[in-house]
Amino acid sequence: MSQDEYFSVHAHLKINVEELGDGEQVPSEVEFGREIPVAFRIASQCGDIDSSVEKEIHALHQDNGQALGKFLIAQNEKINLLLGFMLAQQDNPKVRYQTETFGASGLTFIAKKAFHKGQHIRLKLFLENPPSAIYCYGSVYGCKEKNGKYAVGMKYIRLQEEDRDVLIRAALHQQQKLLRQRALERDN
């Protein structure tokens, strides 16, 4: 599946956008793997573990092991709270923006200044559901003025496959949330 085949959803995620300095290059795949901060590696590993055991925990919860299932869910929620706290420390308010849309192939955000097409950016994305953070690089594909601000579109150019999976799950979660909200509005 090519990157263009992933869908995007309208949602506001907290992101950090750092422009690469003069002479700074997008790292190779190997360098990128080594450069990822420890907190983001841990978040990615926790996300992989959560998704791999989620069905088993729910199956256990429905069987006779309800107490054990509740205990495991509570432990997972505690770990997610600690992980969220740890990842919040990685957020830099000086380079903080908010997405307009996001997906597994790219995102859009609103900025006070223009970015130019082809500009390379270091990104940190902070997700609430699933609770995680993603470290990656992007390239600006478009920038349009919008009410005195700039709508910036970016495609990911360095992103771990596990993190792409997290973005897919987050986009699906957001889409389900929007569909439930529309259904409730229709019913009322």
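Let's start with one residue, Ser139, which sits in strand β6. Keep in mind that this is a predicted model. Is Ser139 buried or exposed? Ser139 has a relative accessibility of 14%, and because the cut-off for buried is under 20%, Ser139 counts as buried. Setting aside residues up to four places away in sequence, Ser139 touches Gly118, Gln119, His120, Gly153, Met154, Lys155 and Ile157.

Now step back to the whole chain. The protein has 188 residues, and 36% of them count as buried. It is built with 4 helices and 7 strands. Following the sequence, you meet them in the pattern β-β-α-α-α-β-β-β-β-β-α. If you look at contacts between residues at least 6 apart in sequence, 69% of them join residues at least 24 apart. As for the outside, the protein exposes about 11,500 Å², with carbon and sulfur atoms supplying 51% of that.

Next, the inside. Which residues have the most contacts within the largest nonpolar core? They are Phe102, Leu107, Phe109, Phe115, Leu123, Leu125 and Leu167, in a core of 28 residues. Plenty of elements chip in here: β2, β3 (96-103), β4 (106-111), β5, β6 (132-146), β7 and α4 (161-187) each give at least two residues to this core. Apart from this core lies another one, of 13 residues, including Leu20, Ile36, Phe40 and Leu87.

Leu123 is a good residue to zoom in on. Leaving out neighbours within four places in sequence, Leu123 is in contact with Asn16, Val17, Leu107, Ile134, Tyr135, Cys136, Tyr137, Gly138, Met154 and Tyr156.

Gly103 is worth a stop too. This glycine is found in strand β3, and Gly103 is buried, with a relative accessible area of 0%. Not counting residues up to four places away in sequence, Gly103 touches Phe7, Ser8, Tyr156 and Leu167. Take the last of those partners: Gly103 and Leu167 are 64 residues apart along the chain, yet their C-alpha atoms are separated by 6.1 Å.

On to charges. Side chains of opposite charge can pair when their charged atoms come close. How many salt bridges does the structure hold? There are 8. One of them joins Arg122 and Glu24, whose closest N and O atoms are 2.3 Å apart. Arg122 lies in strand β5 (residues 120-127), while Glu24 is in the loop between β2 (14-19) and α1 (29-35), so this pair ties together parts that are 98 residues apart in sequence. What about exposure? Arg122 is buried, at 13% relative accessible area, whereas Glu24 is partly exposed, at 36%.

Arg122 has another salt bridge, this one with Glu35, where the closest N and O atoms are 3.9 Å apart. Here again distant parts of the chain are linked: Arg122 in strand β5 and Glu35 in helix α1 are 87 residues apart. Glu35 counts as partly exposed, at 30% relative accessibility. Salt bridges with shared partners join Glu18, Glu24, Glu35 and Arg122 into one network.

Helix α1 turns up in a further pairing. The side chains of Arg158 and Glu29 meet in a salt bridge, at 3.5 Å from N to O. This pair also links distant parts of the chain, with Arg158 in strand β7 (residues 149-158) and Glu29 in helix α1, 129 residues apart.

Let's turn from the packed parts to empty space. Rolling a probe the size of a water molecule over the atoms shows where empty space is left. The second largest pocket has a volume of about 430 Å³. Its lining is made of 18 residues, and Leu13, Phe126, Leu127, Glu128 and Asn129 lie nearest its centre. Which elements each supply at least two residues of that lining? They are α3 (66-88), β5 and α4. The largest share of the lining, 4 residues, comes from α4.

One last stop is Asn147, in the loop between β6 and β7. Its phi is near 55°, a positive value in a residue other than glycine. Asn147 has a relative accessibility of 78% and counts as exposed, while Ser139, where we began, counts as buried.

How values were computed
Residues numbered from 1 in each chain as written. Predicted model: local features only at pLDDT ≥ 70, side-chain atom pairs only at ≥ 80, totals over all residues. Heavy atoms only, no water. Buried < 20%, exposed > 50% of the residue type's maximum accessible area, 1.4 Å probe, protein only. Contact = heavy atoms within 4.5 Å. Areas by Shrake-Rupley, 256 points an atom, 1.4 Å probe, with all protein chains shown as cover. Salt bridge = Lys/Arg side-chain N within 4 Å of Asp/Glu carboxyl O. Core = buried A, V, L, I, M, F, W, Y, C linked by side-chain atoms within 4.5 Å. 1 Å grid on protein atoms, 1.4 Å probe; cavity = no way out; pocket = protein on both sides within 12 Å on 5 of 7 lines; lining within 4 Å. Points joined across faces, edges and corners; volume = space filled by probe spheres on them.
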